[in-house]
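Colleague: I should like to learn how such a model is read. May we go through it feature by feature?

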Amino acid sequence: MASDGPDKTEFLCRLGHEMKTVIASLSGALEVLRGRYRNKLGSVEKALFDVSEKDAMRLAKLANNLLDFAHKPTGAPPPVKSRRVVLKNSLDTSLAMLKYAFRERDMSSLEISLPRGLAVRADPEQLVQIFTNLIENAVKYTPPDRKIGVFAKRERSNVLVCVWDEGIGISAQNRRKIFKRFYRVNPAGSKGSGIGLSVVKWIIERQGGKIWVESRLGKGSKFYFTLTGEKKWRKS
Ligand SMILES: Nc1ncnc2c1ncn2[C@@H]1O[C@H](COP(=O)(O)OP(=O)(O)OP(=O)(O)O)[C@@H](O)[C@H]1O
Ligand SMILES: [Mg+2]
């Protein structure tokens, strides 16, 4: 990608935006249809709705990742539109999107522990994307009967966030590789393109934060990241 010229970058960006618009309209239409025929759907129709909504969500995530990915190699990323964002609001937006993707898991059963009103300085859309990519992973790599959760706390002038799960875990050797583009530990085991974490890392580092993982194979994983807290922002 290092030799990608502006034409290719622009094409990818346009494609990403166009995809997002089309997917938003498709998702909206599906939601209206499901609501209108709620009481008339048989099991086959319900399953078809589930698949369509899941795929629309996957496409939306791909489009977002594509947009960030397209900007990445040019050295001229889109400006970070940082403002005060309440973490809980971004998390709720992300969970609302994910509930269609993971009907088999009750997203309201997530163990969430966020201090009331805790806010960071971040780009709101990108914060949603961070949560979406990390929680999607947590769900994807954790059996439905095991727990997943999110916690956050103030740490000096920063905020520390953790998305954790009791899933399959990641070996020490693989922990070093999973933030690289396209790397997947077990490509045959689940669907995915192996770019979610690389985009999350890039977004966080661009906003001045850090991301790392602690994990035990078979026991679960904890993805930690830091962002600038609002106090530091107010001082600067
Ligand atoms: N919570 C987790 N538990 C166990 N393994 C994980 C977890 N999160 C990520 N991984 C491993 O890291 C790899 C890279 O994750 P990443 O999110 O970048 O890609 P993906 O989930 O495979 O695809 P996508 O681009 O659709 O997100 C995954 O394929 C998986 O092997
Ligand atoms: Mg992923």
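Colleague: How far is an oxygen atom of ligand 1 from an N or O atom in the side chain of lysine 61?

Modeller: A polar contact is a pair of N or O atoms within 3.5 Å. For lysine 61, the separation is 2.9 Å. This is a predicted model, where local features need pLDDT of at least 70, side-chain atom pairs count only at pLDDT 80 or more, and totals for chains, interfaces and linings use all residues. Residues are numbered from 1 along each chain as its sequence is written, chains are lettered from A and ligands numbered from 1 in the order written, and side-chain values use heavy atoms, leaving out hydrogens and water.

Colleague: Which polar atoms of tyrosine 141 and glycine 194 lie 3.0 Å from an oxygen atom of ligand 1?

Modeller: Tyrosine 141 offers a side-chain atom, whereas glycine 194 offers a backbone N or O atom. The protein buries 98% of the 590 Å² that ligand 1 exposes when taken alone (Shrake-Rupley method, 1.4 Å probe).

Colleague: How do helix α4 and helix α6 pack?

Modeller: Two packed helices are described by the angle between their axes and the distance between the axes. Here α4 (residues 124-140) and α6 (residues 196-206) pack at about 145°, with axes 10 Å apart. Axes are lines fitted to C-alpha atoms over the stretch in contact, and angles run from 0 to 180 degrees between N-to-C directions; helices are DSSP runs (H or I, at least four residues). Contact means heavy atoms within 4.5 Å; among the residues making it are Ile130 and Leu134 of α4 and Val200 and Ile203 of α6.

Terms used:
Helix = DSSP H or I, 4+ residues; strand = E, 2+ residues; numbered from the N terminus. Polar contact = N/O pair within 3.5 Å; in protein donor to acceptor, adjacent residues only side chain to side chain.
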